[in-house]
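Biologist: I'd like to learn how to read a structure like this one. Can we take it feature by feature?

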Amino acid sequence: MSDLRIRHAALSDIDTVLRFWRDAAEGTSISDDHDGVARLIARDPEALLLAERDGVLAGTVIAGFDGWRCSAYRLAVHPDDRRRGIATALLEAAEQRFAALGGRRVDAMVLEANEQAHHAWAATGYQREDHWRRWVKPL
């Protein structure tokens with residue numbers, strides 16, 4: 001896809017990203033607000049990757065690395081742009097980032113009920129691990 005550009009998000013992108021997630025992402029998080037995304041960008045300016053087609057946001061992924069684990073969050077592609085290689089391009093960019101940082105394995109959080117996402121992750125080589133469960137506690 002020659003018209004696809006992947007770049008790091010800037011603080012000026014936050015409102016656009018939040019609107020995009022409301023349209024393209026499955027579910028919401030307590031961190032889906034201006035302050036949450038601003039903290040992410042301030043802490044790790046290369047973590048939030050944006051895919052743009054002709055200057056319009058078409059997809060996102062958060063490629064977080066804490067020095068131990070590589071974590072992928074918020075892989076989202078606009079419904080009008082799905083099945084055009086955008087998720088694959090975003091994940092390739094995330095994986096390149098992880099490899100450059102010394103990462104060894106990517107963990108992806110995918111909603112259990114999001115069957116369409118399961119297919120997208122599997123198509124890019126990811127495998128489900130049923131023996132793990134996520135435990136959370138809001139702060």
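Modeller: Let's start with charged pairs, bearing in mind that this is a predicted model. Side chains of opposite charge can pair when their charged atoms come close. Here R128 and D130 meet through their side chains in a salt bridge, with 2.3 Å from N to O. R128 is partly exposed, at a relative accessible area of 49%.

Biologist: How many salt bridges does a search of the whole structure find?

Modeller: The search gives 12. One of them joins D3 and R53, where the closest N and O atoms are 3.5 Å apart. D3 sits in the segment before β1 and R53 in strand β2, so this pair ties together parts that are 50 residues apart in sequence. D3 itself is partly exposed, with a relative accessible area of 29%.

Biologist: And which residues are linked with D3 and R53 in a network of salt bridges?

Modeller: D81 and R84 belong to that network along with D3 and R53. The side chains of R84 and D81 form a salt bridge of 3.3 Å, N to O. R84 counts as partly exposed at 41% relative accessibility, while D81 counts as buried at 12%. The cut-off for buried is under 20%.

Biologist: Now the strands. What does β2 pair with, and in which sense?

Modeller: When you read a strand, look at its partners and then at its surroundings. Strand β2 pairs with β1 (residues 4-8) in the antiparallel sense over 5 bridges, and with β3 (residues 56-65), again antiparallel, over 6 bridges. To follow this residue by residue, find I6, which stands opposite A51 in β2. Then find E52, whose bridge partner in β3 is L57. As for the surroundings, 5 of the 6 residues of β2 (residues 48-53) are buried, so the strand is largely enclosed by the rest of the structure.

Biologist: What links β2 to β3?

Modeller: The two form a hairpin with 2 residues between them. Have a look at D54 in that turn: its phi is positive, about 50 degrees, although D54 is not a glycine. D54 is exposed, with a relative accessible area of 65%.

Biologist: Where else can I find a positive phi in a residue other than glycine?

Modeller: Try R83, with phi near 65 degrees. R83 lies in the loop between β4 and α3 (86-100), and it is exposed at a relative accessible area of 85%.

Biologist: Let's go back to β3. Is T60 buried or exposed?

Modeller: T60, which lies in strand β3, is buried, with a relative accessible area of 0%. For a residue like this, ask what surrounds it. Leaving aside neighbours within four places in sequence, T60 is in contact with several residues, including F20, W21, L50, L75 and L90. There's a polar neighbour to spot too: the backbone oxygen of R74 is 2.8 Å from a polar atom of the T60 side chain.

Biologist: Last one: which residues are buried in helix α1?

Modeller: With a helix, check where the buried residues point. In α1 (residues 14-24), the buried ones are I14, V17, L18, F20, W21 and A24. Looking down the axis of α1, they fall within an arc of 160 degrees, so they line one face of the helix. On the other side of α1, R22 and D23 are exposed.

Biologist: What covers that buried face?

Modeller: The cover over the buried residues of α1 includes α2 (34-43), β2, β3 and β4 (70-77).

Technical notes
Residues numbered from 1 in each chain as written. Predicted model: local features only at pLDDT ≥ 70, side-chain atom pairs only at ≥ 80, totals over all residues. Heavy atoms only, no water. Buried < 20%, exposed > 50% of the residue type's maximum accessible area, 1.4 Å probe, protein only. Helix = DSSP H or I, 4+ residues; strand = E, 2+ residues; numbered from the N terminus. Pairing = 2+ DSSP bridges. Polar contact = N/O pair within 3.5 Å; in protein donor to acceptor, adjacent residues only side chain to side chain. Contact = heavy atoms within 4.5 Å. Arc of directions from axis to C-beta. Salt bridge = Lys/Arg side-chain N within 4 Å of Asp/Glu carboxyl O.
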